[in-house]
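The following account leads the reader through the aromatic residues of one protein model and then turns to a loop.

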Amino acid sequence: RSQKGNMGNQIIITVQDATNTQKGVNTLPNIPVDPLPLVFLSAAQSLSTNTAYVFTQGSFSYPLPTVSAMNDLLEFKLQGADSYTITQGAGQSIMVGDSSTTVGTAGSLTCGVMDPEGKGDWIRLKCTVPNTTWMEFGISGSSFTLN
């Protein structure tokens with residue numbers, strides 16, 4: 001049997017002995033996590049750094065934040081919406097794998113494929129150069145288009 005406990009930004013997993021429930025072993029202590037506030041979107045709005053967005057309906061464009069610090073995070077999940085596009089400002093770009101968007105306002109990242117249950121792709125971006133460069137640091141799915 002395992003138990004999970006959340007202690008601040010740390011997760012402790014304890015595995016208990018089947019014959020003695022008082023005896024436990026921490027098998028994966030102090031795994032760092034970075035919980036992000038979750039925002040459900042069904043209309044266009046500005047994005048904030050260090051936030052996870054779930055797109056629930058429609059098809060909208062959302063500009064990258066103009067101000068970001070190194071290691072800031074953004075997460076995007078398509079779930080119920082038709083598509084979303086993340087647009088860029090002057091000098092901004094997004095790298096996914098070995099591909100990159102066009103630098104500046106001509107560049108964008110679009111996701112627009114869902115499975116039959118209405119669940120779509122997910123991507124996590126991390127700011128690697130303040131205010132300008134975002135890099136993919138986690139991805140699920142394959143329906144992303146970089147322009």
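A residue is called buried when its relative accessible area is under 20%. In this predicted model, phenylalanine 55 meets that criterion, as does tyrosine 84. Tyrosine 62 is likewise buried.

These residues belong to a wider set of ring contacts. A pair of aromatic rings is described by the distance of the centres and the angle of the planes. Across the whole structure, a search finds 6 aromatic pairs. One of them joins phenylalanine 55 to tyrosine 62 in a tilted arrangement, with 4.8 Å from centre to centre and 45° between the planes. Phenylalanine 55 also pairs with tyrosine 84; here the centres are 4.3 Å apart and the planes differ by 25°. Because planes under 30 degrees apart count as stacked, the pair of phenylalanine 55 and tyrosine 84 is classed as stacked.

The stacked pair links distant parts of the chain: phenylalanine 55 lies in strand β6 (residues 51-55) and tyrosine 84 in strand β9 (residues 83-87), 29 residues apart. Ring pairs connect both residues with Tyr53, Phe60, Tyr62 and Phe76 in a cluster.

Another aromatic residue, phenylalanine 137, has a charged partner: lysine 126 lies over the face of its ring, at 5.0 Å from the ring centre.

Attention now turns to the loop between β9 and β10 (93-96), where glycine 89 is found. Apart from neighbours within four places in sequence, glycine 89 is in contact with Gly104 and Thr105. The C-alpha atoms of glycine 89 and alanine 106 are separated by 8.5 Å, and these two residues are 17 residues apart along the chain.

Definitions and conventions:
Residues are numbered from 1 along each chain as its sequence is written. This is a predicted model: local features need pLDDT of at least 70, side-chain atom pairs count only at pLDDT 80 or more; totals for chains, interfaces and linings use all residues. Side-chain values use heavy atoms; hydrogens and water are left out. Rings of Phe, Tyr and Trp (its six-membered ring) pair if their centres lie within 6.5 Å; planes under 30 degrees apart count as stacked, over 60 as edge-to-face and the rest as tilted. Buried means under 20% relative accessible area, exposed over 50%, partly exposed in between (1.4 Å probe, protein chains only). Helices (H or I, at least four residues) and strands (E, at least two) are DSSP runs, numbered from the N terminus. A charge sits over a ring if NZ of Lys or CZ of Arg is within 6 Å of the ring centre and within 35 degrees of the ring normal. Contact means heavy atoms within 4.5 Å.
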